[in-house]
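Dear colleague,

I am handing over the structure we spoke about, and my notes on it follow below. Please read them alongside the coordinates.

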Amino acid sequence: MADTFNYRIDHHGSLVRPAALLAARAQGGPEALRKAEAEALGEVVALQRKLRSTVVTDGDFPREDFRSAVFDAVSGFRRTQEEADGLPRWVAESLPKANGPLLADRAAQLADLTRIAPKASLPSPAYLAATCFEPALADSGGPASARELGEALAEIIQAEIELLVSRGVRLIQLTNPLLLAHTAAEPVAAGALSFEDALSVEALGVRLDTRPEGVRVGLCPGRRAPAAVDRARVERLYGAVPVDRWILPYDKGTDAELDLLRALPEDRDACLGVVDPAVPGLEDLDTVLARIDAAAEVKDIEDMALAPSGGFADSAGRPLLSAEEQRRKLVHVETLARFCWGNEF
């Protein structure tokens, strides 16, 4: 799949929110919030262009966390008082219905600020089904199963992907932090959805009848590789979900990370998460380049891209680094990419 559309310098889409934006959201005034969002969006686009990123996102600035594109625009969910993995838990009280576009309108606004086609990031339908299904609600109008919830969400996500592509978006990332747990040599339960059901749901969500030139639909199956992977289960994952691009963890230098890449089919792109978005210090250049050299022995480097291994602020109020530390990490990704490909982006 080597071509000019591999978006070499990538990131997951969730960036550290400016203090002024967080303050405006806390105060709750709609006009002040709109102004703060517009200013923050202009600044984050300028930052990405200055860093010469090959993708431009809105940093998830208009949203509370990386799932909110769905929760903000889809009915049927209720926020609870619980937390899971540092995020508020939502439960499905009925089968979800979209009340309009999830990200497409925002993407159109973003496109007005940059010549580069914007990237859009969404939670995957299987992830939402695995974390939002509540069996106790099945008798009171809730989904009968996590699989049923997942299939309904997949229809919504698939329709949004089609709309995003029609609006000029060329790189779309879905994120499911739970999938890699299913590929472990000793797999563990990951949410309310089985591995096979998760694969079926993800496949429904990413199907596209046609892909215009340059369009990539990618999936991040997790931010950390298991201690050891089951090759057959990894191959099942890659074979069942027809995405163009797999965003894989690659910042620890483990055998399991290389095994995930080794199992990737030749016709799929790989975006390697080579820097840790939760650690302020910069990774040693020679160490990371040696890891990339090892990756190039099992995968054509022309079918690869580089990124951090996760978002910097998947939850707006809980950034992993400061804005300056984030900037240095993004510069580090660009530096590594230029060692690999020169200026041929």
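How much area does the protein chain expose, and what share of it do carbon and sulfur atoms supply? The exposed area is about 14300 Å², with carbon and sulfur atoms supplying 50% of it, where accessible areas come from the Shrake-Rupley method with a 1.4 Å probe and, for residues, only the protein chains shown count as cover.

Please bear in mind that this is a predicted model, in which local features need pLDDT of at least 70 and side-chain atom pairs count only at pLDDT 80 or more, while totals for chains, interfaces and linings use all residues. Residues are numbered from 1 along each chain as its sequence is written, and side-chain values use heavy atoms, with hydrogens and water left out.

The protein chain has 12 helices and 8 strands (DSSP runs numbered from the N terminus, helices being H or I with at least four residues and strands E with at least two). Of its 345 residues, 54% count as buried, that is, under 20% relative accessible area with a 1.4 Å probe, protein chains only.

An open sheet is formed by 6 strands in the order 3-4-5-6-7-8, and the pairing is parallel, a pair requiring at least two bridges found by DSSP. Strand 3 (119-123) and strand 8 (304-308) stand at the edges with a single partner strand each, so one side of each is left without a neighbour in the sheet. Within this sheet, strand 5 (residues 216-220) pairs with strand 6 (residues 245-249) in the parallel sense over 2 bridges, and Leu219 has Trp246 of strand 6 as its bridge partner.

Best regards

Notes
Buried < 20%, exposed > 50% of the residue type's maximum accessible area, 1.4 Å probe, protein only.
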